[in-house]
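Reader: I have a structure open and a pile of labels to question. Can you take me through them, starting with the first helix?

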Amino acid sequence: MTNKKIILPDGLTHKGLEVGIPTGKPIDLDKLEYLIEFIETYFKPRLSICYNHSSPGLKHLVERCFNYDIYVSNGEIIAAMLLCGYQYVKISANSTNCRFNVCRISKKKEKIIMSEILHSKKKKKKHGKQLFN
């Protein structure tokens with residue numbers, strides 16, 4: 001994680017970046033630690049915004065990588081990406097969704113990540129540790 005102090009944007013809730021008066025629930029800060037670990041391990045930044053992945057797409061990618069054993073909200077993935085130092089743009093002025101300067105993750109790379117996580121979960125379970133309780 002970056003050493004710079006990151007301030008999360010106003011209106012960031014579990015729904016994403018809300019416009020106006022937020023109606024969503026607050027971000028689950030406990031889950032951010034694990035999301036940040038995942039992002040720092042498997043995502044790579046790039047100079048420009050990637051239009052292949054949106055915040056909902058990234059949240060679903062994380063959920064698929066954990067074989068849907070976890071739920072990640074749109075706001076949680078946005079918060080974790082920002083805390084890891086990624087830049088963002090909103091998809092549109094009224095959208096709760098964002099795009100980031102993250103390298104594209106191919107289906108092949110996603111399968112490799114899934115395999116590594118499965119192996120890691122078995123290893124951690126054997127040693128009494130559980131990722132994403």
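Author: Happy to. In helix α1, the buried residues are Lys31, Leu32, Leu35, Ile36, Phe38, Ile39 and Tyr42. Keep in mind that this is a predicted model.

Reader: What makes α1 close to the expected span for a helix?

Author: Helix α1 has 14 residues, and from its first C-alpha to its last it reaches 20 Å. The expected span is 1.5 Å times one less than the number of residues, and for α1 that also comes to 20 Å.

Reader: What caps the N-terminal end of α1?

Author: Aspartate 28 does that job, with a side-chain oxygen 3.2 Å from the backbone nitrogen of aspartate 30. A polar contact needs its N or O atoms within 3.5 Å, and 3.2 Å is what this pair shows.

Reader: Back to that lysine in α1. Why is the pairing of glutamate 76 and lysine 31 called a salt bridge?

Author: The cut-off is 4 Å between a side-chain nitrogen of Lys or Arg and a carboxyl oxygen of Asp or Glu. The side chains of glutamate 76 and lysine 31 meet at 3.5 Å, N to O, so they qualify. This pair links distant parts of the chain: glutamate 76 sits in helix α3 (residues 74-83) and lysine 31 in helix α1 (residues 29-42), 45 residues apart. Both glutamate 76 and lysine 31 are buried.

Reader: How many salt bridges does this rule give?

Author: The count is four. One of them joins glutamate 63 and lysine 59, whose closest N and O atoms are 3.0 Å apart. Both of these residues lie in helix α2 (residues 55-65), four residues apart, or about one turn of the helix. As a general point, an α-helix has 3.6 residues a turn, so residues three or four places apart point the same way.

Reader: How do you know whether glutamate 63 is buried or exposed?

Author: Buried means under 20% relative accessible area. Glutamate 63 is at 5%, so it counts as buried. Lysine 59, at 9%, counts as buried for the same kind of reason.

Reader: What else is lysine 59 in contact with, leaving aside its neighbours within four places in sequence?

Author: With that restriction, lysine 59 is in contact with Tyr71, Val72, Ser73, Asn74 and Ile77. The 3.0 Å approach between the side chains of lysine 59 and glutamate 63 is also a polar contact.

Reader: What makes arginine 64 and glutamate 110 a salt bridge?

Author: Their closest N and O atoms are 2.6 Å apart, and the limit is 4 Å, so the pair passes. Arginine 64 belongs to helix α2 and glutamate 110 to helix α4 (residues 107-126), with their places 46 residues apart in the chain. Arg64, Lys107 and Glu110 are linked in a network of salt bridges.

Reader: Why is arginine 64 called partly exposed, and what about glutamate 110?

Author: Partly exposed covers the range between the under-20% and over-50% cut-offs. Arginine 64 has a relative accessible area of 23%, so it goes in that class. Glutamate 110, with 5%, is buried.

Reader: On to cysteines. How many disulfides does a search of the whole structure find?

Author: Zero. For cysteine 50, the nearest cysteine sulfur is that of cysteine 103, 7.8 Å away. A disulfide needs the sulfur atoms within 2.5 Å, so cysteine 50 is in no disulfide. Cysteine 50 is buried, with a relative accessible area of 0%, and cysteine 98 is also buried, at 0%.

Reader: Which residues of the largest nonpolar core touch the most other members?

Author: Of its 32 residues, those are Phe38, Phe43, Val62, Met81 and Phe100. Helices α1, α2, α3 and α4 and strand β4 (98-100) each supply at least two residues, and α3 gives the most, with seven. Not counting residues up to four places away in sequence, methionine 81 touches Ile39, Phe43, Leu58, Tyr86, Phe100 and Val102.

Reader: Where is tyrosine 86, and what makes it buried or exposed?

Author: Tyrosine 86 is in the loop between α3 and β3 (88-90). At 6% relative accessibility, against a 20% cut-off, tyrosine 86 counts as buried. Its contacts beyond four places in sequence include Lys44, Pro45 and Asn101. Tyrosine 86 and lysine 44 are 42 residues apart in sequence and 9.5 Å apart in space, C-alpha to C-alpha.

Conventions
Residues numbered from 1 in each chain as written. Predicted model: local features only at pLDDT ≥ 70, side-chain atom pairs only at ≥ 80, totals over all residues. Heavy atoms only, no water. Buried < 20%, exposed > 50% of the residue type's maximum accessible area, 1.4 Å probe, protein only. Polar contact = N/O pair within 3.5 Å; in protein donor to acceptor, adjacent residues only side chain to side chain. Core = buried A, V, L, I, M, F, W, Y, C linked by side-chain atoms within 4.5 Å. Contact = heavy atoms within 4.5 Å.
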